[in-house]
Amino acid sequence: MSLPDVSARPATVVHALQRLSSVTGHGYTFLDNAAKPTFFSFAALNEATERRARKLMAFGLRPGDRVGMVLAQPQDFVVSFLSCLYAGLVPVPMYPPLSFGKLDAWADGALSILQNAEASLLLTDAQLQSVLWQVVPKVKSLKDLLTVEKLDSLGEADGPLPTVGPEDLCFLQYTSGSTSAPKGVMVTHGNLVANAWAISAEGMSLVPYTDTALSWLPLYHDMGLIGFVITPMIRAVQAVFVPTLLFVKRPNIWMQTMSDFGAQHSFGPNFAFALAARKAGEAELAKWDLSAVRVLGCGAEPIHVATMHAFEDVMAKAKLRPGSVMPAYGMAEATLAMTFHPPGTPLVVKSVNGDVFRADGRVVPPQDDALMLSFVSCGKPFSEHGVAAMDAEGNLLPEDQEGELVFRGPSVTRGYWRNEEATRESFRADGWLRTGDLGFIHDGNVYITGRSKDLIILNGRNHHPTAVEWAVAEVEGVRKGNVVAFSVPGEESEVLVVVAETKADPAPETVEHIIAAVSAQLSLKVSDVVLLGIGQLPKTSSGKLQRRKAREQYLSGELGKHGDRTLGSSGTKLTVARHVARSLWGRAAHTAGKLFSRTPET
Amino acid sequence: MDSLELIKAAIVAVDPSKASKLSAVTAKTEIRELGMDSVATMEMVGYLEEKLNTQFSDEVMIRIQTFGDLQTLVERSKNG
């Protein structure tokens, strides 16, 4: 039998899978926690999805109702997510609780998302349901908590499935916000198809019925979900899913499975490349064959060029081709991807005169006696889309001038769910989406130079600095309201720095207490703590803390220079950070941030 | 190697800078207090699973907070 034609764009995600309903030789493979694979052909996936969709509809839900999803296993997640779409329901992917984390803090986060989304149903699995029951009575809109095991045990349901169109809301992607006000990005079927089509056809040149994509990324995050669940099926490309925790516990499994499956495509945040390169031993490298690999996308957190080169050097022993690592830039509000560097070509680095750039944001060639800054290109926007730099008054800037990056095109989402104020702030009436990232355009390529919004991105995940600052403010001796948190480039990836003003003569353990408080509440590692005397943190004339200025002063060594400055836990890190800040960096997408995008907060 | 020593070895394997902090650790110390991020913590769990040739379930892991909790888990898996 001939294979269905996938040369044209499908109208919706539902249409994308339905048109593959006769395909039995290609599909998705799910690894369980023991790395045992289960294969679902596209035909089987369509069938399982339809079956579950009908069962969901039997619960009396109406099209457009939101369904919270806390599912750790990729197989459960993918079938459940797609079945919501078939039933016209709006899935709300949520991150599962972390090991060693504070369950209460996690439950608070889950609660605020479910309340904001006004979810009607909560879908989870038998293992996680016990921790979720405590949340259920607090969400008035919730009708039920269901496990996938329970759904499977129910008898078959029948009844027609609704018709879904490109303008319909497909799912809500929750992103970083302060915990009290989570922001759910409204992604339509039209957005998803436009973005996934651009990624598959232009960005990665996926070859239908031939290529294989592989991912260990969390599926509650846009990079994993859109990049590897939606995009492959839109082009009839196979996908392999590795549980996220399996990769973090055994990082070698990433390249091992790339080799086993002869996969061409994968993606990860910067930290994952550092981890994978560090863990690969000579014995593994000798066994692996990565010669089929074409694109290893890097996004979701600032890209460290040295880390990318180190990764390629190590993996060259496993026959990885040079130029396989591809910087990408994106964010949840743009569905997922905004720009891709051309796959298979060397990284493009632009060096500029740092003195001129810092003074007025102009890109001019470096000079011998001036500071040199280098930035890595994230490539060009896809067709039908645009990226530009904009000044504070909303004027588009010419090339080689730094401004806030803005994005437009069919991938721009509808805004934030029931949050008009935040929507107005980021989604301009003229169609441009404000990214909150600073950058410039040179030869049509997008270079990211920093952030105008104070977001901290660590291990591919976005965190609002206030969450860190509040945790630190609770520490004995710290002056409440006089704490700033930000990230700076570290040796391999971004690292977290806390600067706090203390009362006179802080106890010697204050630094340790700050590190422990942030770790206990947020599961984040603080790499440096700087304690300052009263009035040493930079503030505006109205007394508002200036995080960005504090960060600049930290990097230039100016912070608290005229006060009683105490270096924190790792004075050496400061030197390292200052050094690295001058080397290359770019930033990619988010979605747990950015290639992607802004991710949910931990 | 006793369970606590094995756990400490796992931590040092993942983040050698934590070695100096481990002498003060008791059963009641919360693992988070060491200041490791969630990725490093899971790497540590991976080390333990490999040494013990076992796999801890997600449900059990999310309820572990202290060294004592983790010690109990390690003991249990050693005893099969």
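**Chain contact and helix packing in a predicted model**

Reader: How many residues does the contact take from chain B and from chain A?
Author: Two residues are in contact if their C-beta atoms, placed from the backbone, lie within 7 Å. In this predicted model, the contact takes from chain B and chain A, respectively, 24 residues and 27 residues.

Reader: Which conventions and pLDDT limits apply?
Author: Residues are numbered from 1 along each chain as its sequence is written, while chains are lettered from A and ligands numbered from 1 in the order in which they are written. Because the model is predicted, totals for chains, interfaces and linings use all residues, whereas local features need pLDDT of at least 70 and side-chain atom pairs count only at pLDDT 80 or more.

Reader: Which helix supplies the largest share of the side of chain B that touches chain A?
Author: Helices (H or I, at least four residues) and strands (E, at least two) are DSSP runs, numbered from the N terminus. On the side of chain B that touches chain A, α2 (38-52) and α3 (58-61) of chain B each supply at least two residues. The largest share, nine residues, comes from α2(B).

Reader: How do the residues of that side of chain B divide by class?
Author: Ala, Val, Leu, Ile, Met, Phe, Trp, Tyr, Cys and Pro count as nonpolar, Asp, Glu, Lys and Arg as charged, and the others, Gly among them, as polar. The side of chain B that touches chain A divides into nine nonpolar, seven polar and eight charged.

Reader: Are α7(A) and α8(A) roughly parallel or roughly perpendicular to each other?
Author: Axes are lines fitted to C-alpha atoms, for helices over the stretch in contact, and angles run from 0 to 180 degrees between N-to-C directions. The axes of α7 (residues 189-203) and α8 (residues 222-234) of chain A come within 9 Å and cross at roughly 80 degrees. Angles under 35 degrees count as roughly parallel, over 145 as roughly antiparallel, 65 to 115 as roughly perpendicular and the rest as oblique. The two helices α7(A) and α8(A) are therefore roughly perpendicular.

Reader: Which term describes α16(A) relative to α17(A)?
Author: The axes of α16 (residues 465-473) and α17 (residues 510-522) of chain A come within 9 Å and cross at roughly 125 degrees. That angle makes the relation of α16(A) to α17(A) oblique.

Reader: Over which residues of chain A does pLDDT stay under 50?
Author: pLDDT is the predictor's confidence in each residue, from 0 to 100. Chain A averages a pLDDT of 87, and 91% of the residues score at least 70. In chain A, pLDDT stays under 50 over residues 562-602.
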